[in-house]
Amino acid sequence: MHFLYPYFLWALTAISIPVIIHLFQFRKFKKIYFTNVRLLKEIKDETTNRNKLKHLLILLSRILAVSALVFAFAQPFIPQGDSVKSGLNHVSVFVDNSFSMSAGRNDIPLLDYAKDKARAVINAYTDRDKFQIITNDFEGKHQRFVSREDALNFIDDIELTPNVHTIDQVINRQSQLFSTVADNKICYIISDFQKSILPAEAIKDTTIEINFLPVQTSQLSNVSIDSVWFDGPVPFINQMNKLIIRTKNNSNRPVEQVKISFSKDGQEKPVSVRDLDAGASVTDTVSVSVSQSGWHQGVVKVTDYPILFDNDYYIAFHVPDTIKTLKISASAPSRYMDALFKGIKNLSLSNQNINQLQYQQFPDYDLIIINDLVQITSGLASEIKHYMQNGGKVLLFPGKSADLNSYNGFFGTIGTGRLDKINKNVRDVSGVNTDEFIFSDVFLKSSHNLKLPKVQLSYDVINSMNSGVERILTFRDGGTFLSKNKVGDGLLYMCTAPLDNEVNDLVLNAEIFVPMVYKIAISGTKQKTISHTITNHIVFETDNMRKTGDFTYKVKNENSEFIPGQMPKGNKMVLDLNAQIKKSGFYDLLLDDRQVGKLAFNYNRKESDLTIYEEKELVSLEASNPKIKVIGEVLQADITNAISEKDNGIVLWKWFVILALIFLATETLLIRLLK
């Protein structure tokens with residue numbers, strides 16, 4: 001047994017007071033004379049013996065009463081654990097308010113249970129202690145210690161949020177505030193403890209005492225739309241664009257007859273009805289036909305109950321009306337190239353002579369074709385490199401009399417292979433990479449009758465080990481005819497033969513030339529972003545929307561409007577939405593109050609997986625880390641006493657107060673009843 005205030009034990013000297021009273025009887029006796037005292041003497045002897053016993057019992061009761069009171073003020077306890085806390089407590093309470101806490105328990109949301117537990121934790125401490133309330137929102141107002149009353153008010157204001165953080169991120173957030181104090185540092189994590197937010201290796205050694213309060217319900221079934229994307233860099237007008245939908249069963253039980261649907265611009269159509277095994281994912285493909293250019297919005301829906309936040313997946317995509325192409329050459333325009341672009345709707349071609357280039361117009365084009373140049377000047381090389389690094393695409397056909405030094409100087413600056421020497425042998429193209437986007441889905445089946453290009457003049461290529469080149473068309477002798485290189489955020493497509501039909505019959509092979517140029521024009525380095533996940537820090541780039549002068553971007557929907565952070569990056573603008581987006585759905589992107597884009601936001605799917613660490617699994621974490629304590633369901637029933645015993649051991653002062661009262665009552669009974 002230990003004492004919280006051992007100096008109170010000096011008060012045990014007060015035991016001397018009843019002893020002194022007992023030894024010195026301050027009562028005065030009066031003499032009475034009798035004629036015969038023989039009988040009185042016998043009575044006196046008997047009464048004296050009884051009085052001695054009575055006084056000894058009273059003295060013992062008084063000594064025990066005084067001792068019990070002294071022990072009560074010294075606050076004795078039986079230690080539980082390694083140490084007992086004394087001094088001021090700084091208590092941080094995390095209340096998990098993510099969407100998984102909307103699950104019901106006895107028809108009451110888990111968040112309400114969590115808030116009740118948080119109030120009980122706060123009330124288990126004294127008014128002198130300081131408190132922090134923290135949620136998944138990581139709000140600035142919560143990053144400070146407040147009084148008990150303010151902490152309880154913060155708890156009342158907690159609502160569900162789309163934001164979600166892992167437990168180690170929460171503890172790191174709490175540690176930042178704890179670093180400013182030196183007293184007792186105690187944190188409580190009140191959550192359903194999903195496995196997605198608490199990997200077993202996440203909790204590391206820390207000087208902070210960590211207490212887990214699991215608030216859980218029985219395992220629920222939940223089917224969610226996990227992700228949605230287009231099978232191609234960009235959807236295109238008047239094409240059957242493939243939209244891929246992944247649906248996931250996030251529970252450990254199978255589900256049947258799950259209905260999936262897709263609506264575009266308000267028109268809904270069914271996709272499929274699925275049976276999903278436990279933990280299984282399935283993909284569906286929807287053909288999306290777009291007859292008009294511009295921005296379009298769609299919603300993929302799944303019918304599922306009771307978890308609803310992940311049943312809808314919003315997408316917004318842009319269909320360009322025209323793919324703008326610029327051809328740079330030193331000769332007259334190519335009639336074959338001009339005919340190709342005139343024959344394909346929504347493709348446009350502009351020609352510029354090498355001596356009359358307008359570099360400032362390069363960002364306006366989706367593709368630049370470099371054709372039949374003798375040399376690539378340093379100025380052109382610099383501008384083309386900058387254009388590709390910012391996401392542009394270049395298709396290069398070398399000249400018949402190319403200056404290899406200037407070409408290789410350009411290739412060296414962008415980190416690709418180089419042209420070795422001219423090859424005047426007749427070479428046949430024999431290999432087509434149908435796994436690459438350019439020729440994927442072009443040919444229904446391989447055909448031995450497919451006519452492939454033949455060249456009388458070409459250049460051998462030496463590729464560096466780290467160039468990352470991808471060969472699209474190859475010669476029969478193993479050489480490269482058409483290759484793709486990634487440069488920054490852009491692409492370089494390089495043909496090793498000039499486009500001149502006197503030495504290269506590519507332009508005469510429409511089944512190769514037309515899809516090659518067309519698919520290169522609509523290709524991209526990466527998928528266009530069609531949706532964003534709501535987090536505390538949303539950052540994305542605009543698509544070549546930067547302009548000179550003063551301008552302001554805004555994000556707006558029917559309920560709110562705000563100005564995001566803006567930082568220029570080349571021809572684009574990086575927008576920082578911070579934590580402004582709270583609700584999933586569609587938002588307009590405005591530039592000087594003119595709509596220039598649509599944005600789709602979805603809730604984080606991390607919360608869709610409802611698999612939790614059960615209490616016995618959390619206890620195993622407690623065994624591996626002595627700083628972790630688990631306050632289970634049984635202890636939560638009397639959480640005030642559980643916290644008191646955790647921080648102070650088994651407190652005994654109440655029992656000593658009760659004993660003091662019993663001894664005082666015993667003294668009273670001895671005085672009044674024992675005659």
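These legends describe close-up views of one predicted model.

**Figure 1. The whole chain, for orientation.**
The protein chain has 675 residues, and buried residues make up 47% of them. It holds 13 helices and 36 strands. Among contacts with a separation of 6 or more, 73% join residues 24 or more positions apart.

**Figure 2. An open sheet of five strands pairs in parallel.**
The strand order is S6-S3-S7-S8-S35. Where does the sheet end? S6 (130-134) and S35 (628-630) stand at the edges. Each has a single partner strand, so one side of each is left without a neighbour in the sheet. From one strand to the next, the twist averages 20 degrees.

**Figure 3. Strand S3 pairs with S7 and with S6.**
S3 covers residues 89-95, and S7 covers residues 184-191. How many bridges join S3 to S7? Seven bridges do, and the two strands run parallel. Within this pairing, valine 93 has tyrosine 188 of S7 as its bridge partner. S3 also pairs with S6 in the parallel sense, over five bridges. Here phenylalanine 94 stands opposite isoleucine 134 in S6. In a regular strand, side chains alternate between the two faces of the sheet. Edge strand S6 is mostly covered, with four of its five residues buried.

**Figure 4. Helices H3 and H10 lie across strands of the sheet.**
H3 spans residues 110-123. Which strands does H3 lie across? They are S3, S6, S7 and S8, the last covering 209-214. H3 runs at about 175 degrees to S3. H10 spans residues 615-624 and lies across S8 and S35. Its direction is about 155 degrees from that of S35.

**Figure 5. Helix H3 packs with helix H4.**
Two packed helices are described by the angle between their axes and the distance between the axes. H4 covers residues 148-156. The H3 and H4 axes come within 10 Å and cross at roughly 175 degrees. Angles over 145 degrees count as roughly antiparallel, so H3 is roughly antiparallel to H4. On the H3 side, the meeting residues are Lys115, Ala118, Arg119, Ile122 and Asn123. On the H4 side they are Arg148, Ala151, Leu152, Ile155 and Asp156.

**Figure 6. Helices H6 and H9 pack at an angle of about 65 degrees.**
H6 covers residues 335-343, and H9 covers residues 510-522. Their axes are 11 Å apart. This angle makes H6 roughly perpendicular to H9. H6 passes H9 in a right-handed crossing. H6 brings Tyr336, Met337, Leu340 and Phe341 to the meeting. H9 brings Phe513, Val514 and Val517.

**Figure 7. Aspartate 284 sits in strand S13.**
S13 runs over residues 281-289. Is aspartate 284 buried or exposed? Its relative accessible area is 8%. Buried means under 20%, so aspartate 284 is buried. What does its side chain make a polar contact with? The partner is the side chain of serine 272, at 3.3 Å. Leaving aside neighbours within four places in sequence, aspartate 284 is in contact with Leu243, Ile244, Ile245, Ile260 and Val271. Ser272 and Arg274 are also among its contacts.

Note on methods:
Residues are numbered from 1 along each chain as its sequence is written. This is a predicted model: local features need pLDDT of at least 70, side-chain atom pairs count only at pLDDT 80 or more; totals for chains, interfaces and linings use all residues. Side-chain values use heavy atoms; hydrogens and water are left out. Buried means under 20% relative accessible area, exposed over 50%, partly exposed in between (1.4 Å probe, protein chains only). A polar contact is a pair of N or O atoms within 3.5 Å; within protein, one must be able to donate a hydrogen and the other to accept it, and residues adjacent in sequence count only if both atoms are side-chain atoms. Contact means heavy atoms within 4.5 Å. Two strands pair if DSSP finds at least two bridges between them. Axes are lines fitted to C-alpha atoms, for helices over the stretch in contact, and angles run from 0 to 180 degrees between N-to-C directions. Angles under 35 degrees count as roughly parallel, over 145 as roughly antiparallel, 65 to 115 as roughly perpendicular and the rest as oblique. A crossing is left-handed if the near helix is turned anticlockwise from the far one by less than a right angle, and right-handed if clockwise.
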